[in-house]
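Have the sequence and the model side by side. The tour below starts with a sheet and its helices, then turns to one side chain.

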Amino acid sequence: MTAMDPIVPLDPLPPLDGLAPPNRPSSGDGSVALTIIHETLYHYAARVEQAHHLAYLKPLDQPCQRLESFTLDIEPEPSHCTTETDVYGNARSIFEMYAPHDALRVSATSRVIVRPRFEGIAPEATQPWEEVAHALRYVAGGGFRREVEFTFASPYVAILSPLREYALASFTAGRPVAEAALDLMQRVYQDFTYASCSTDVSTPMIDAFTQRRGVCQDFAHVMLGCLRAMGLAARYVSGYLMSQPPPGQARLIGADASHAWVAVHCPGLGRHDDWLDLDPTNGMVPAASHAMLAWGRDYGDVTPLRGVIRGGGGHDLTVRVTVAPDHEMIGQTQRQTQQASQQHTQQPSQHSQDTP
């Protein structure tokens, strides 16, 4: 039996002018310190005798995102747990459980400092998209380019003629690749309807494209298919988006969710790696509010938690994610500590009354 932790979509944000959404910087350079708590709970209908799990829950450590700390708590305690680096540079945790259990709790707590990574870019200065696509084609005896792998179809992203036809409206002759990709992102954002629970991980990408509706995972897969249909390199990015609570209301603990967007290779962008991140669900270029978890060809490469179990029968799944600036998390922790202390202080008197 295979269990998967699905991407839970966020409510879409309103259209934003410019390349990036406003943030609440915690330092002079615009960087934001975020605490991320991602908790997954499985309750099984029958006892699980043995389990093997694979988790992508440790955020990337990159020049634009520094991973300050990470802890992974698993209950019951696994028989074996190790963390390694996959072919794309992501951290993946592998753990095995040989003792019978009827529930599983996996909680990842991370602290990251995210810097704005696309300020000052000039999309119009990037190379024409035709030149970029041509350079990614196979040439006998040519040099190896890592980004070529992201030009091909993958298990969740097919390359289909309807996707190319849709993308052609943005990729006009000679247009700079980043400028065309930004236009495509805005069109997907405008043309597709965000509909929570309208699809799941088994829904074919072409169905979401035809229906013009889906969740963040579908938006990302559709845009990947369009970009790859044009011969460009595009990868799937999983991560988190710090949502903003309504004015005057506190951020809800556990109300945030996993998120997904894309990155397209744009030579001439003026960055060290020439990858431009695009969030078609919200029509924006990610800034310091987007924390990167992992990247790959599609969702299947970076599923937050999946595994194979023996036994178990059916199961109930709960996923809770909280993403908040450090100062809010510290305040929340202090409030929780005070509440726990008050409850602990009150308990003796209650017991004394109940005890003969």
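Which strands does helix 5 (residues 216-229) lie across? Helix 5 lies across strand 9 (234-241), strand 10 and strand 11, at about 10 degrees to strand 10. The model is predicted: local features need pLDDT of at least 70, side-chain atom pairs count only at pLDDT 80 or more, and totals for chains, interfaces and linings use all residues. Residues are numbered from 1 along each chain as its sequence is written, and side-chain values use heavy atoms, leaving out hydrogens and water.

Helices (H or I, at least four residues) and strands (E, at least two) are DSSP runs, numbered from the N terminus. Axes are lines fitted to C-alpha atoms, for helices over the stretch in contact; angles run from 0 to 180 degrees between N-to-C directions. Helix 3 (residues 177-191) lies across strand 10 and strand 11, at about 15 degrees to strand 11.

Now the sheet itself. Its 4 strands run in the order 11-10-9-12, open and antiparallel. Pairing requires at least two DSSP bridges between two strands. Strand 11 (275-278) and strand 12 (290-296) are the edges, each pairing on one side only. The twist averages 35 degrees from one strand to the next. Strand 10 (residues 258-265) and strand 11 share 4 bridges. Ala263 stands opposite Asp277 in strand 11.

Next, Glu39, in strand 2 (residues 32-58). Glu39 counts as buried because its relative accessibility is 13%, under the 20% limit (1.4 Å probe, protein chains only; exposed is over 50%, partly exposed in between). Its side chain makes polar contacts with the side chains of Arg105 at 2.8 Å and Arg320 at 2.7 Å. A polar contact is a pair of N or O atoms within 3.5 Å; within protein, one must be able to donate a hydrogen and the other to accept it, and residues adjacent in sequence count only if both atoms are side-chain atoms.

Note on methods: Contact means heavy atoms within 4.5 Å.
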